[in-house]
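The following paragraphs lead through selected features of the structure shown below. Please keep the sequence and the coordinates at hand while reading.

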Amino acid sequence: MNVAIVGASGAVGQEFIRVLEEQNFPVDQLTLFGSKRSAGRVYKFRGQDHVVKELKHGDDFKDIDIAFTSAGASVSKEFAETITKHGALMIDNSSAFRMDDDVPLVVPEVNGEDAFNTPRRIIANPNCTTIQMVVALKPINDISPIRRVHVATYQAASGAGAAAMDELVAQYGQLQRGEEPTVEKFAYQLAYNVIPHVDVFMDNGYTKEEMKMYNETKKIMHAPGLDVSATCVRVPVMRAHSEAVWVQTEAPVSVEQAREAFASAEGLVVLDSPADKVYPMPLDIADKDPVFVGRLRKDITDPCGLSFWVVGDQIKKGAALNAVQIAQYILEHKR
């Protein structure tokens, strides 16, 4: 496979390079693209130096089989035709095409078959918070269809990019020295704080991030009637998002049924022993591939309700890894 990474110098672009190597993805030739500012930077892949090329309109994608793109929605929209016009499959990590009817939105463990319906040669990678949640929802939904989901997210600084991670580290140092902390990537100081605000606010009082979870979950799970209500919160964690999830199913699902379904589900690991203080935490989950679930219990307010806690590395499973797994699914199930 001839593979391209667009946005190679960003946090997700760098993760793409690592994940392709970790997954032993069949790459014959890797081409890196970036902005004019990042062009010329050199990154290693499988021991070889690769120089970032400036992304331009032209025929640079003529011999590319798969292009992983993570340079923002505006770049994806501008360059989609350039990337796909010679037949390359564009697996896009931005929000540009997620809700387009003719672009599949794919999490392989949940709706992998959708990846074969690509009239525009584009597959959208869902939002990071949506990805890890639907991986955990599917095993429950297979037992009894889910009617309603309430979720509160606890999102790491890395969800806002490498500069946001640097800002969080800098803030702790500045505060320790008695200096005014730098606040540029977030609405407020994140160090020693939580901010109930991820992305911009919409007219209905929800943020764009929260509405992504509402809309994307329905599309991925082929469940237009599924109700999803989210509150997304930024927390002073470096990497890996956490989510407190409440679900209501059509018929009651026991804790034992749910735990068994979680344990046998693809891409999901159960860490759930309250007596031993065993549950997933972002400190332990950062840089790991699966989604982890714990704190499983019946919702005491609803006989058809379950509550559980989900943690996943949003740069890996929530971005680069899920995109690579889409490509792996296509290769493994090639028609």
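Contact here means heavy atoms within 4.5 Å. Helices (H or I, at least four residues) and strands (E, at least two) are DSSP runs, numbered from the N terminus. The model is predicted, so local features need pLDDT of at least 70 and side-chain atom pairs count only at pLDDT 80 or more, while totals for chains, interfaces and linings use all residues. Residues are numbered from 1 along each chain as its sequence is written, and side-chain values use heavy atoms, with hydrogens and water left out.

Helix 6 is a suitable starting point. Its 13 residues, 208–220, reach 18 Å from the first C-alpha to the last, close to the 18 Å expected at 1.5 Å a residue; the expected span is 1.5 Å times one less than the number of residues. Among its buried residues are M211, M213, E216 and I220, where buried means under 20% relative accessible area, exposed over 50%, and partly exposed in between (1.4 Å probe, protein chains only). The buried residues of helix 6 pack against helix 3 (108–111), helix 4 (128–143), strand 8 (146–155), strand 9 (227–234) and strand 10 (241–249). Just after helix 6, H222 takes a positive phi of about 55 degrees.

Side chains of opposite charge can pair when their charged atoms come close. A salt bridge is counted when a side-chain nitrogen of Lys or Arg lies within 4 Å of a carboxyl oxygen of Asp or Glu, and this rule gives 19 salt bridges. One of them returns to helix 6: R98 and E216 meet at 3.4 Å, N to O. R98 lies in the loop between strand 6 (89–92) and helix 3, and E216 in helix 6, so the pair ties together parts that are 118 residues apart in sequence. R98 counts as buried because its relative accessibility is 5%, and E216 counts as buried at 3%.

A further salt bridge joins D289 and K316 at 2.9 Å, N to O. Because D289 lies in the loop between helix 8 and strand 12 (291–298) and K316 in helix 9 (residues 316–332), this pair ties together parts that are 27 residues apart in sequence. D289 is partly exposed, with a relative accessible area of 27%, whereas K316 is buried at 3% relative accessibility. In addition, E15, R18, R239, D287 and D313 are linked in a network of salt bridges.

Finally, L283 belongs to helix 8 (residues 282–285) and counts as exposed at 78% relative accessibility.
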